[in-house]
Amino acid sequence: MSLAIQIRQNGGPEELQLVEVQVGDPAAGEIRVRHHAIGLNYIDVYQRTGLYPFPMPLQLGMEAAGVVEAVGEGVTHLKVGDRVAYASNPPGSYSTERVMPARCVCRLPDAIGFETGAAMMLKGLTAQYLLKKTLPVQGLQRGDAVLFHAAAGGVGLIACQWARALGLELIATAGSDAKCQLALANGAAHAINYSTEDFAARVKEITQGQGVKVVYDSVGKDTWEKSLDCLRPFGLMASFGNASGPVPPFAPASLGGRGSLYVTRQTLFTHISTRESTQAMADELFAVVESGQVKIHIAQRYALADVQQAHRDLEARKTTGSTILTVD
Ligand code: NDP
């Protein structure tokens with residue numbers, strides 16, 4: 001038996017209920033893993049509210065670290081007893097134990113603890129594909145200016161550090177002065193409190209009227225329009241989330257008048273759709289974390305049973321960095 005957090009219908013945090021579920025043996029291509037720490041992500045909120053629809057009942061959670069307990073037929077890269085971590089689709093990591101596809105799961109280097117592993121896989125792989133794989137034409141060069149919204153959050157703090165390691169000039173936005181300070185302390189070159197300042201005007205000022213090459217926007221509805229005004233000609237709008245609500249429909253012609261802009265909306269799960277791509281990206285993530293270039297900040301911990309409060313705090317913008325759900 002496993003303890004798990006389930007929702008039976010979409011709604012508020014009160015829908016998150018602790019239940020006991022049966023966990024069977026892994027089928028071919030699957031493993032059974034016992035979790036030591038679970039990562040909280042904003043995508044869990046979208047799945048809970050129904051913005052990203054799933055069949056019910058739904059066991060939430062897309063990130064965790066733990067130990068392999070059983071291995072199904074055909075799984076060759078993992079064995080019983082391995083320390084592992086993952087970002088997974090389908091969800092189900094809000095649990096003490098689960099059966100899941102082995103292709104999402106990577107062995108965790110000895111130097112990386114379970115909590116760090118659970119705090120960095122979905123968020124770190126996302127920061128990585130945004131900075132390194134999202135601009136297909138000419139890529140980013142050292143010295144390029146980019147704008148990263150919600151930069152003091154889970155994905156954001158990792159992106160700030162990784163951008164510094166890549167030599168990028170990352171302009172951060174965040175919802176308070178304290179969060180701006182945190183982004184600066186983690187490698188952002190500039191930080192704008194978008195609750196009190198006109199971020200588009202400040203970006204123009206910082207870049208001497210040029211604009212940035214890429215805007216990374218996970219805030220969505222509230223930042224979309226002004227973000228387009230921050231781009232230089234042929235710049236890329238990389239929309240990757242909807243924390244303030246989904247981006248409304250827009251006219252493609254509006255991109256032309258603003259300087260022939262590109263728009264993309266990607267998801268991590270396309271980048272890690274195969275075992276090979278997952279491992280290649282994870283190896284690179286593990287390397288930057290082990291080198292100390294990227295530190296994983298776990299700023300909040302909640303017991304799995306207190307997940308309702310964790311969701312409330314995340315949605316109320318009270319968290320910074322990564323959040324962990326703990327299991328005994
Ligand atoms: P965060 O820790 O970044 O939390 C979300 C942050 O969004 C808040 O802390 C807040 O920061 C900001 N925000 C702005 N407006 C609102 C609002 N109205 N309500 C709530 N929050 C708001 O979350 P994660 O690190 O888990 O994820 C960051 C984003 O990246 C999410 O939107 C997530 O869905 C997206 N994502 C997308 C992926 C993809 O592949 N497409 C993969 C992983 C994550 P502040 O107060 O500073 O504004």
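I'll start with one pair of residues and work outwards. V146 stands opposite L170 in strand 10. Keep in mind throughout that this is a predicted model. The strands behind that pair are strand 9, residues 145–148, and strand 10, residues 169–174; they pair in the parallel sense over four bridges.

Now the sheet they belong to. Strands 9 and 10 sit in an open sheet of six strands, and the order across it is 11-10-9-12-13-14, with parallel pairing. At the edges are strand 11, 190–193, and strand 14, 262–265, and each of these pairs on one side only. Going from one strand to the next, the twist averages 15 degrees. As a reminder, strands of a sheet pair through backbone hydrogen bonds, either parallel or antiparallel.

Before leaving strand 9, look at the loop between strand 9 and helix 3, where you find A150. A150 is not a glycine, yet its phi is positive, about 50 degrees. Most residues other than glycine have a negative phi, and most peptide bonds are trans. I will come back to the peptide bonds.

Next, the domains. The domain assignment gives domain 1, which is 2–123 plus 269–326, and domain 2, which is 135–265. Their C-alpha centres lie 27 Å apart. Where the domains touch, 14 residues of domain 1 are in contact with 16 residues of domain 2. The domain 1 side of that contact has five nonpolar, six polar and three charged residues.

On to the ligand. Where does the ligand lie with respect to domain 1 and domain 2? Both domains give residues to the shell around the ligand, so the ligand lies between them. There are 28 residues around the ligand, and those that come nearest are G153, G154, G175, S218 and G241. By class, the shell divides into 12 nonpolar, 11 polar and five charged residues. Which helices each supply at least two residues of the shell? Those are helix 1, 42–49; helix 2; helix 3, 154–165; and helix 10, 307–315.

Some of those helices also pack against other helices. Take helix 2, residues 114–133, and helix 9, residues 275–290: their axes come within 10 Å and cross at roughly 100 degrees. Helix 2 and helix 9 are therefore roughly perpendicular to each other. On the helix 2 side the contact has M120, G124, L125 and Q128, and these meet M281, A282, E284, L285 and V289 in helix 9. Six of the residues in this contact are nonpolar, two are polar and one is charged.

The other pair is helix 1 with helix 10. Here the axes come within 10 Å and the crossing is at roughly 105 degrees. Helix 1 and helix 10 are therefore roughly perpendicular to each other as well. Helix 1 contributes Y42, V45 and R48, and helix 10 contributes H311, L314 and E315. That contact splits into three nonpolar, one polar and two charged residues.

There is also an open sheet of three strands, in the order 2-1-4, with antiparallel pairing. Strand 2, 17–21, and strand 4, 58–59, stand at the edges with a single partner strand each, so one side of each is left without a neighbour in the sheet. Strand 1, residues 2–7, is joined to strand 4 by two bridges, and the two run antiparallel. One residue pair to look for there is Q6, whose bridge partner in strand 4 is Q59.

That brings me back to the peptide bonds. Where are the cis bonds at P57 and P90? One joins M56 and P57, with omega about -10 degrees. P57 is in the loop between helix 1 and strand 4. Another runs from N89 to P90, with omega near 15 degrees. P90 is in the loop between strand 6, 83–87, and strand 7, 97–101.

To close, here are the points to find in the viewer. Start at V146 opposite L170, then follow the sheet order 11-10-9-12-13-14. From there go to the ligand, which lies between domain 1 and domain 2, and look for G153, G154, G175, S218 and G241 around it. Then check A150 with its positive phi, and the cis bonds before P57 and P90.

Technical notes:
Residues are numbered from 1 along each chain as its sequence is written. This is a predicted model: local features need pLDDT of at least 70, side-chain atom pairs count only at pLDDT 80 or more; totals for chains, interfaces and linings use all residues. Two strands pair if DSSP finds at least two bridges between them. Axes are lines fitted to C-alpha atoms, for helices over the stretch in contact, and angles run from 0 to 180 degrees between N-to-C directions. Angles under 35 degrees count as roughly parallel, over 145 as roughly antiparallel, 65 to 115 as roughly perpendicular and the rest as oblique. Two residues are in contact if their C-beta atoms, placed from the backbone, lie within 7 Å. Ala, Val, Leu, Ile, Met, Phe, Trp, Tyr, Cys and Pro count as nonpolar, Asp, Glu, Lys and Arg as charged, and the others, Gly among them, as polar. A residue is near a molecule or strand if its C-beta atom, placed from the backbone, lies within 6 Å of it. Domain bounds come from an automatic or database domain assignment.
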